[in-house]
Amino acid sequence: SLAGSLILPEGLKYVSGFHGTKITNVHFPSTLEEIGASAFSSCTSLMTELSLPQSLKVIGEQAFDGAGISGNLILPDELESIGLGAFSCCSSLTGSLTIPIRVMVISAFAFSGCGFTGTLTLPAGLVEIQEYAFCNTKFKVELNIPSTVTTIGNFAFQNTLFNGTLVLPSELISLGTGVFWGCWRLSGVVEIPSNIVAIPSNLFS
């Protein structure tokens, strides 16, 4: 299996194909626009902090699923799409996470099982947080959900450590099963938005 550092050339716009290799570091070119599905998934030897180029627009499904990447994850300002399970099970990631302003949907399992311990900043304009998107993460601050969010999928924040008062967006129309299941540190008054016509099972169990 391929091992050691990986240097990608300037001019490259798309990369995939390194699933399960033993690479230890990746140098991304400033021209890169897309990281494909499963590109670096299961690269457990990739135990460095990612340095993603500002040109990056798409991170594909399971692109770094189960990779050994560590430290802070800084997502580029131009990023538009984060695929299903893109960073799932990256338990060595720490610190805070800011989702860029162009991202409108947080895909299912995108950050599930990540080790973030700081703050989570979600962008104004975010519309949907899909199932299990942030489940089993370790954020330890107040959860601020943008007022533009209309849908939160099943178990999206299951077993997280967010604390303080939870304010649900007034535009919210759909809440999945077990969205805040196991979030025992949340407190205060929770007001269910008037657009919600059904409260699913285990919402706050």
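Helices and strands here are DSSP runs, with at least four residues for a helix and at least two for a strand, numbered from the N terminus. Counted that way, the chain has 0 helices and 15 strands. Keep in mind that you're looking at a predicted model. Here's a quick tour, from the whole chain down to a few single residues.

**The whole chain**

- The radius of gyration is 17 Å, and that agrees with the value near 17 Å you'd expect for a compact globule of 205 residues.
- If you box up the C-alpha atoms along the principal axes, you get roughly 50 × 25 × 25 Å.
- Of the 205 residues, 47% are buried.
- The accessible surface adds up to about 9,000 Å², and carbon and sulfur atoms own 53% of that.
- Take the contacts with a separation of 6 or more: 29% of them link residues 24 or more positions apart.

**D65, a buried charge**

- You'll find D65 in the loop that runs between strand 5 (58-59) and strand 6 (81-82).
- D65 is buried, yet it has no salt bridge.
- A salt bridge would need a Lys or Arg side-chain nitrogen within 4 Å of a carboxyl oxygen, but K138, the nearest side chain of opposite charge, is 14 Å away from D65.
- So who does D65 touch? Setting aside neighbours within four places in sequence, D65 is in contact with S41, S42, G85, A86, S88 and C89.

**Two residues with positive phi**

- Most residues other than glycine have a negative phi.
- Y132 goes the other way, with a positive phi near 60° even though it isn't a glycine.
- Look for Y132 in the loop between strand 10 (128-129) and strand 11 (142-144).
- Y132 counts as partly exposed because its relative accessible area is 24%, and that class sits between the 20% and 50% cut-offs.
- N202 isn't a glycine either, and its phi is positive too, at about 60°.
- N202 belongs to the segment after strand 15, and its 39% relative accessibility makes it partly exposed.

**A nonpolar patch on the surface**

- V190, I192, I199 and F204 together make a nonpolar surface patch of about 320 Å².
- F204, one of the four patch members, is in the segment after strand 15 (186-187).
- Is F204 buried, exposed or something in between? With 38% relative accessibility, F204 counts as partly exposed.
- That value fits the patch, because patch residues need over 30% relative accessible area and F204 has 38%.

Methods:
Residues are numbered from 1 along each chain as its sequence is written. This is a predicted model: local features need pLDDT of at least 70, side-chain atom pairs count only at pLDDT 80 or more; totals for chains, interfaces and linings use all residues. Side-chain values use heavy atoms; hydrogens and water are left out. Patches are made of residues with over 30% relative accessible area and no salt bridge: like charges are joined within 9 Å, nonpolar side chains (Val, Leu, Ile, Met, Phe, Trp, Tyr) within 5 Å. Accessible areas come from the Shrake-Rupley method with a 1.4 Å probe; for residues, only the protein chains shown count as cover. Buried means under 20% relative accessible area, exposed over 50%, partly exposed in between (1.4 Å probe, protein chains only). The radius of gyration is taken over C-alpha atoms; the globule rule is 2.2 Å times the number of residues to the power 0.38. Contact means heavy atoms within 4.5 Å. Lys and Arg count as positive and Asp and Glu as negative; His and the chain ends are not counted.
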